[in-house]
Amino acid sequence: MPFTEKWRQQAKLFEVPASAIVTQKMIGPGGFSQVYEGTIHGVRCAIKMFAAHNDQMHEEIMGMIKRESRPLSRVRHPNIIRLQHICLERNFLCIATELAPNGSLDEYLRKNPDTSVGQRFSFGHGMVAGMARLHSNVFGGKPKPILHNDLKPPNLLLGAMLEVKIADFGSSTG
């Protein structure tokens, strides 16, 4: 995926230096990353940190960061996880999003098998509202739908009030 000047300019709006990032506890592992709870400029967030061990991995990870951050930088909705920052320093590559303190929908339903029908309906409604926003996205005055391409309970996070937040845009297009 080429790194166009337009993307680099857009990325600068979210970019922070590594010195601004403080990781606290690990929330969970990812495919090529680990996710931590932490702070950036004193604001709590989830920080997905990538490890690039060589130049080829560095380019692959830069592509992953671009694929994930690009759609998030273009959309705001209460049911879509909010991009807060990215760090593109050579030895410190990460994406920071708002923290969803109640984990994934997948984990929640496993721990709470007796979740009421009303609460389950609320989860579904939040997911549908977020997806409708993604599919009706307009960017630069033109229709530019965002397709998630990997919607499943582990990629649906729960906010402080158990509101669904669609996350993990690494496979998205648009």
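Two exercises with worked solutions follow, on a structure that is a predicted model.

**Exercise 1.** Determine how the strands of the open sheet are ordered, which strands lie at its edges, and which helix packs on it.

*Solution.*
Step 1. The open sheet consists of 5 strands in the order S1-S2-S3-S5-S4, with antiparallel pairing.
Step 2. Strand S1 (21–29) and strand S4 (83–89) are the edge strands, as each pairs on one side only.
Step 3. From one strand to the next, the twist averages 25°.
Step 4. Between S1 and strand S2 (residues 33–40), which run antiparallel, there are 7 bridges. Within this pairing, Ile-21 is placed opposite Ile-40 in S2.
Step 5. The helix packed on the sheet is H2 (residues 55–73), which touches strand S3 (43–50), S4 and strand S5 (92–97). The direction of H2 makes about 20° with that of S5.

**Exercise 2.** Classify the geometry of the aromatic pair formed by Tyr-108 and Phe-123, and state which helices the pair ties together.

*Solution.*
Step 1. The count of aromatic pairs is 1.
Step 2. The ring centres of Tyr-108 and Phe-123 are 5.6 Å apart, and the criterion for a pair is centres within 6.5 Å.
Step 3. The planes make an angle of 85°; because angles over 60 degrees count as edge-to-face, the pair is edge-to-face.
Step 4. Tyr-108 belongs to helix H3 (residues 105–111) and Phe-123 to helix H4 (residues 117–135), so the contact ties together parts 15 residues apart in sequence.
Step 5. Buried means under 20% relative accessible area. Tyr-108, at 19%, therefore counts as buried, and Phe-123, at 4%, is buried as well.

Terms used
Residues are numbered from 1 along each chain as its sequence is written. This is a predicted model: local features need pLDDT of at least 70, side-chain atom pairs count only at pLDDT 80 or more; totals for chains, interfaces and linings use all residues. Side-chain values use heavy atoms; hydrogens and water are left out. Rings of Phe, Tyr and Trp (its six-membered ring) pair if their centres lie within 6.5 Å; planes under 30 degrees apart count as stacked, over 60 as edge-to-face and the rest as tilted. Helices (H or I, at least four residues) and strands (E, at least two) are DSSP runs, numbered from the N terminus. Buried means under 20% relative accessible area, exposed over 50%, partly exposed in between (1.4 Å probe, protein chains only). Two strands pair if DSSP finds at least two bridges between them. Axes are lines fitted to C-alpha atoms, for helices over the stretch in contact, and angles run from 0 to 180 degrees between N-to-C directions. Contact means heavy atoms within 4.5 Å.
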